[in-house]
Amino acid sequence: MLENTRGIFLHHIPYTDTSVIATIYTEKFGQQSYLVNGIRSKKTGSRINLFQPLFLLDMEVYFKQGRNLQRIKEVRLAVPFMHIPFDIRRSAQAIFISEVLLKCLKEEEANPGLFDFLFHAVCMLDLKEGGLANFPVAFLFKLTRYLGVFPQSPPDKDFRFFDLVSASFYVDEPVHYSFMNAEITRKFAELFSADLTELENLTFQNSHRTVLISKLLEYYKIHLDMSGEIKSLAVLKEVLE
């Protein structure tokens, strides 16, 4: 059955000399794997440029329920980027985010709220100017709401530590090692009142961003069973310094 859907490109691997298997998070079908034939041939060389991290796509696809590998009939850009492919700060963030999404998006069904959040967040990454270095921290935090693991809000009373395991704030230091110290907890609490359009208002230094990204990834591993290391993290940290 032919279907039209928007998609967010995450990753591809070679399949034959001229074809790839592309992993795309779609509006209608969740995360899907697609066989794309002839995309690496010299005659269609420009088409491979559509399959870059977080590129937003309009697709006409063949869809069959239960099939592990679907097929794409037609694909084109839904939103041409102005900056992501040409700005190393943005492209490094796009690679990092696509790697995180590849690990934590597993559902093969529609999730309109999640898709809309991702689509608009990617557009924001392309266009946002102020506070751009804060984007990956804020994105990881905001994404937890759509993945069903949003942490408890900071209490009105005093608190000093954020416990990654219980997803809660405490006055006393937890007895295990999966927590944020007092300084990082104060910075983390800022995220609850920040929007992706207001990144410049976050009072993060480079050292805060580095620790917050690492702690949020640890939080993902605890609550989403996300395995393996994020290979692009080292490059992201270097670019953000």
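Reader: Let's start with a single residue. Is D225 buried or exposed?

Author: Exposed: D225 has a relative accessible area of 68%, and the cut-off for that word is over 50%. Keep in mind that this is a predicted model.

Reader: Where does D225 sit in the fold?

Author: D225 lies in the loop between α5 and α6, the latter covering 233–240.

Reader: And what should I look for in its backbone?

Author: The general idea is that most residues other than glycine have a negative phi. Now the case here: D225 isn't a glycine, yet its phi is positive, about 55°.

Reader: Which other residue, apart from glycine, has a positive phi, near 60°?

Author: That would be A167, with phi near 60°. You'll find A167 in the loop between β6 and β7. A167 counts as buried, at 9% relative accessibility, whereas D225 is exposed.

Reader: Since we're at β6 and β7, how many strands form the open sheet there, and in what order?

Author: There are 3 strands, ordered β7-β6-β8, and the pairing is antiparallel.

Reader: Which strands are at the edges?

Author: β7 (168–170) and β8 (179–180) are the edge strands, since each pairs on one side only. Strand β6 (residues 161–163) is joined to β7 by 3 bridges, with the two running antiparallel. To find that pairing in the viewer, go to D163, whose bridge partner in β7 is S168.

Reader: What does A182 touch, leaving out residues up to four places away in sequence?

Author: A182 touches R160 and F161 on that count. A182 itself is found in helix α4 (residues 182–190). A182 is also buried, at 18% relative accessible area; the cut-off is under 20%. For a sense of scale, the C-alpha atoms of A182 and T18 are separated by 53 Å, and the two residues are 164 apart along the chain.

Reader: Over to the barrel, then. How many strands does it have, and what is their order?

Author: It's a closed barrel of 5 strands, running β1-β2-β3-β5-β4, and the pairing is mixed. From one strand to the next, the twist averages 55°.

Reader: How would I walk round it, pair by pair?

Author: Start with β1 and strand β2 (residues 20–26), which pair in the antiparallel sense over 7 bridges. A handy marker is H11, whose bridge partner in β2 is T23. Next, β2 and β3 pair in the antiparallel sense, again over 7 bridges. T23 serves as a marker here too, with S33 as its bridge partner in β3. A hairpin of 3 residues joins β2 to β3.

Reader: In what sense do β3 and β5 pair, parallel or antiparallel?

Author: Parallel, over 2 bridges. Look for L35, whose bridge partner in β5 is R71. While you're at β3, note that this strand is mostly covered, with 6 of its 7 residues buried.

Reader: How many bridges join β4 to β5, and how many join β1 to β4?

Author: β4 is joined to strand β5 (residues 70–77) by 6 bridges, running antiparallel. Along that pair, E60 stands opposite E74 in β5. Strand β1 (residues 2–14) is joined to strand β4 (residues 56–62) by 7 bridges, and these two also run antiparallel. There, the bridge partner of R6 in β4 is D58.

Reader: Now helices. How do I describe two that pack together?

Author: Two packed helices are described by the angle between their axes and the distance between the axes. Take helix α1 (residues 88–104) and helix α5 (residues 206–224): their axes come within 12 Å and cross at roughly 15°. Angles under 35 degrees count as roughly parallel, so α1 and α5 are roughly parallel to each other. Their crossing is right-handed.

Reader: Which residues make the contact between α1 and α5?

Author: From α1 come F96, V100 and C104, and from α5 come I213, L217, Y220 and L224. By class, the contact has 7 nonpolar residues, no polar ones and no charged ones.

How values were computed: Residues numbered from 1 in each chain as written. Predicted model: local features only at pLDDT ≥ 70, side-chain atom pairs only at ≥ 80, totals over all residues. Heavy atoms only, no water. Axes fitted to C-alpha atoms, helices over the stretch in contact; angles between N-to-C directions. Helix = DSSP H or I, 4+ residues; strand = E, 2+ residues; numbered from the N terminus. Parallel < 35°, antiparallel > 145°, perpendicular 65-115°, else oblique. Left-handed = near helix turned anticlockwise from the far one by under 90°. Contact = heavy atoms within 4.5 Å. Nonpolar A, V, L, I, M, F, W, Y, C, P; charged D, E, K, R; others polar. Pairing = 2+ DSSP bridges. Buried < 20%, exposed > 50% of the residue type's maximum accessible area, 1.4 Å probe, protein only.
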